[in-house]
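Got your viewer open? Keep the sequence panel beside it, and let's walk through this one stop at a time.

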Amino acid sequence: MEKTTKKLSKFIVYFLVGAIILGLFSSVAFAKGLKERHQEARAKYQAARQQYFKEVNWWKTARQQFLNTRRKYKQFRNVENKADYEKKARAFLSRTVDVLIRKLESLKNWVSNKPSLPESERQAIVAEIEKDINWLEDKKSEIATALPSQIREKAKEIRDYWRNHRIFVKKIIGQIWGARLDWVIERFENISSKIAAKIDELKAADKDTSQLEAWLADFNQKIEIAKNKREKAREKYQAISSLADANKLFK
Amino acid sequence: MQVVYLLIGLVVIVAVVIGVYWYSQKSEVTELSEIKKPALEVKGIPEISDIEKIAPEIDALLKDISELETVAEDKSLDTLKEDLSALTEETPSEKELPSTPAIDISDIESTEKELSTELEGILNDLTDLEGFEEDTSLDELDTSLSGLAK
């Protein structure tokens, strides 16, 4: 009986302590503001970016090993060197696909964690990036099972993809800019309305609002300029069909 | 063992000292209360000298009664309650007091902050996107793959 009472009181004490700790943690979690969420998103993106740069280093090592074995094979064409060359070629191609996936993932991470992009546009951009990531994932498994004679074909496919990929990334960045400008223009218009309302309030109180009115007129004019530029930019990046076009536009 | 006896002995001595002190204090209090008993409560007929001592006190009591009667009959403050009510009604509340309208510019200040946050955000994004844009880490990819594709 005494033992049961002791056990019960122990349980009550643990329960109370647990409840207090849980309460404290949940209130802290709830108090987490928007600013923290922005910081978390940025930290996630930076981690993804770091991962990409690590992958770039591994890719460079794999490339160097591939170039070395190729040189060796060209100098001494024998079975051993050929096997080594094929092995390194496969590894290099696989690393190439990995690095491209990481690059796209860091871009996807940036877009999906960006609160200052309209939701629909964000989803559309993420879907487009995911389409490319999926294609690359398929290629990765194909490379793993490809016969030595098929490696060359796979290399061609990846090279063609890379040539288009650069255009694709530039198009995506243009699309992100368009969405980002949509967001910021909407915010600026909101700010403009708030200032206009305040001017009316000040006028009603017989205050001199001439300076504020001049500022608002200038601000509104700049919003209009931003809107026009956004439309022109949208037309141009939608028309990108080659790397030369993209480079011309982004310079 | 000796130390234990010594300690018990000490405790007993301290207890005795405390007991003696407490008893002496109690008897002192009893004596004082005996002294403070009023003379009239003493059994037997009061002496003339005691009555003579009380006479001036009775006079003072009679004076106090007559003064209190005057205060009770005083009607000069009968209208005080009404006067105060009237005054409260007439005094305008703080809200009703005419004053220069205060202009709250805190929302303009918050708008300014909002604007600067937006601009800061867009500059950060510009830096990030330029990072993607100007990434040259994979520039040798094309030539390397071309070498493999041959």
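Two residues are in contact here when they have heavy atoms within 4.5 Å. With that in hand, take chain A: of its contacts with a separation of 6 or more, 71% are between residues 24 or more positions apart.

Some housekeeping before we click around. This is a predicted model, where local features need pLDDT of at least 70 and side-chain atom pairs count only at pLDDT 80 or more, while totals for chains, interfaces and linings use all residues. Residues are numbered from 1 along each chain as its sequence is written, chains are lettered from A and ligands numbered from 1 in the order written, and side-chain values use heavy atoms, leaving out hydrogens and water.

**Stop 1: chain A as a cartoon**

You'll find seven helices and zero strands. Helices are DSSP runs of H or I with at least four residues, strands are runs of E with at least two, and both are numbered from the N terminus. Of the 251 residues in chain A, 34% are buried; buried means under 20% relative accessible area, exposed means over 50%, and partly exposed is in between, using a 1.4 Å probe and protein chains only.

**Stop 2: colour by pLDDT**

pLDDT is the predictor's confidence in each residue, from 0 to 100. Chain A averages 83, and 82% of its residues score at least 70. Which elements have the lowest and highest mean pLDDT in chain A? Helix H1 (residues 2–31) is lowest at 50, and H4(A) is highest at 94. Now select residues 18–31 of chain A: pLDDT stays under 50 there, and the model has zero contacts for this stretch beyond four places in sequence.

**Stop 3: helix H5 of chain A**

Select residues 148–204. These 57 residues of H5 reach 82 Å from first C-alpha to last, close to the 84 Å expected at 1.5 Å a residue. (The expected span is 1.5 Å times one less than the number of residues.) Then centre on Asn164(A), where H5(A) has a kink of about 30 degrees; the bend is the angle between axes fitted to the seven residues ending there and the seven starting there.

**Stop 4: the loop after H5**

Asp206(A) lies in the loop between H5 and H6 of chain A. Its phi is positive, about 60 degrees, although Asp206(A) is not a glycine. Most residues other than glycine have a negative phi. Is Asp206(A) buried or exposed? Its relative accessibility is 74%, so Asp206(A) counts as exposed.

**Stop 5: the largest nonpolar core**

A nonpolar core is a set of buried Ala, Val, Leu, Ile, Met, Phe, Trp, Tyr and Cys residues joined through side-chain atoms within 4.5 Å. The largest has 46 residues, and those with the most contacts inside it include Leu93(A), Leu100(A), Ile176(A) and Leu138(B). H3(A) gives the most to this core, with 12 residues. Show Leu100(A) as sticks: leaving aside neighbours within four places in sequence, its contacts include Trp162(A), His165(A), Leu138(B) and Leu141(B). Apart from this core lies another, of 11 residues, among them Ile199(A), Leu216(A), Phe219(A) and Ile122(B).

**Stop 6: helix H6 of chain A**

Select residues 210–238, the 29 residues of H6. Its buried residues include Leu216(A) and Phe219(A), along with Arg230(A), Arg234(A) and Tyr237(A).

**Last stop: Glu118(B)**

Hop over to helix H4 of chain B, where Glu118(B) lies. Glu118(B) has a relative accessible area of 9%, so this residue is buried. Not counting residues up to four places away in sequence, Glu118(B) touches Arg180(A), Trp183(A), Val184(A), Arg187(A) and Phe188(A).
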